Amino acid sequence: MVSQRPTVSVIIPNWNGARLLPSCLESLRRQTYPPLEIIVVDGASHDDSVALVRARFPEVRLVVLDRNLGFTGNVNAGLRAARGEVLALLNNDAEADPAWVAELVSGFSADPAVGVCASKILLHDRRDVLNAAGDVFHRDGTPGNRGVWQEDRGQFDTPEYVFGASGGAVAYRRAMLEDVGLFDERLFMYCEDVDLSFRAQLLGYRCLYVPTARVYHRLSATGGGPLASYYCGRNCIVVLLQNLPASLLRRYALRIVAAQVRLALEALRHAREPAARARLRGQLAGLLALPAILRRRRAIQARRRVPDAYIASILPAWAS
């Protein structure tokens, strides 16, 4: 059980985000929760991100890397440096509501099995539109954000257990990460939060969606395009094959294959576009990585503590 007033470390991964950091860090200055440690991990930015943080936010701890390690490596560097009992992540293109940290911490008191607390993420420029109300993983092997693009009418205002949390605004219990492990740095970026959520679920940790923990996200301010398409195409296959128990892989095989074929055909129809070609390259890379995936899979499945029926129960049948 997390203590009544644990120290919280908030880690912000950054790469060339000088234009975004001020509003993000100002929102953390307004947090109602002490004690709070704020860490910016800079992945060898070419802009003045580091100088900006040093000059305008002297209370922030800086971890300056000599090269960009992607979301996974940059975040892991921050997690290793953090001192908190609760370890939170916030994208540099997001702003947190003043009660964000306090509400996430309160989520851990609900159940000692809660290892992850997910935020309600809304669009920065349309604050009545949802970006994510926790994550889902469907039986066809595709991940997604609950409520994405829906008008926020209160339909996601009840705390509830969900599959996982977006890495853009999330809190982890330190003890859980010490058991489950950090982000898989081989993924580099995209779907890494899905992978961590899956590994946590396999070990019996639950993810609680906390609707009162709100952040506002500037959509695609730091990502998108062919790079995102490649890593999504590759990592979706990697995460699926590493984590889904064998009996469920067999049970859902037709849905999984159909979903990958559908994505490939859609990319082929738009093959003139760089992002579509990148998606196809990513899918191929995922399939070619099968021997390495199987080695990693054996290690993950050997540690599993929950029955297949539980995993099936948290996977919705269809994308929504």
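Arg127 is partly exposed, at 41% relative accessibility. In this predicted model, the Arg127 side chain forms a salt bridge with Glu95, with the closest N and O atoms 3.7 Å apart. Glu95 counts as buried, at 13% relative accessibility. The pair links distant parts of the chain. Glu95 belongs to strand 5 (residues 94-96), whereas Arg127 sits in the loop between strand 6 (114-123) and strand 7 (130-133). The two residues are 32 residues apart.

A second pair also links distant parts of the chain. The side chains of Arg83 and Glu37 meet in a salt bridge at 2.9 Å, N to O. Arg83 lies in the loop between helix 3 (70-81) and strand 4 (86-90). Glu37 lies in strand 2 (residues 36-43), and 46 residues separate the partners. Arg83 is exposed, with a relative accessible area of 60%. Glu37 is buried, with a relative accessible area of 9%.

Helix 6 holds a salt bridge of its own. Asp195 and Arg199 both lie in this helix, four residues apart, or about one turn. Their closest N and O atoms are 3.0 Å apart. Both partners count as buried: Asp195 has a relative accessibility of 0%, and Arg199 has 5%. Elsewhere, Glu26, Arg29 and Glu59 are joined into one network by salt bridges that share partners. The count for the model comes to 16 salt bridges.

Asp193 also lies in helix 6 (residues 192-202). Asp193 is buried yet has no salt bridge. The nearest side chain of opposite charge is Arg199, 10 Å away. A salt bridge requires a side-chain nitrogen within 4 Å of a carboxyl oxygen, so a separation of 10 Å rules out this pairing. Leaving aside neighbours within four places in sequence, Asp193 is in contact with Asp135, Ala165, Ser166, Gly167 and Phe183.

Helix 6 also takes part in enclosing empty space. A search of the whole structure finds one cavity of 30 Å³ or more. The volume of the largest cavity is about 30 Å³. Its lining consists of Val116, Phe163, Gly164, Ser197, Ala200, Gln201, Tyr205, Arg206 and Cys207. Helix 6 and strand 12 (206-217) are the elements that give two or more residues to this lining. Helix 6 gives the most, with three residues. By character, the lining of the largest cavity divides into five nonpolar, three polar and one charged residue.

Key
Residues numbered from 1 in each chain as written. Predicted model: local features only at pLDDT ≥ 70, side-chain atom pairs only at ≥ 80, totals over all residues. Heavy atoms only, no water. Buried < 20%, exposed > 50% of the residue type's maximum accessible area, 1.4 Å probe, protein only. Lys, Arg positive; Asp, Glu negative; His and termini not counted. Contact = heavy atoms within 4.5 Å. 1 Å grid on protein atoms, 1.4 Å probe; cavity = no way out; pocket = protein on both sides within 12 Å on 5 of 7 lines; lining within 4 Å. Points joined across faces, edges and corners; volume = space filled by probe spheres on them. Nonpolar A, V, L, I, M, F, W, Y, C, P; charged D, E, K, R; others polar.
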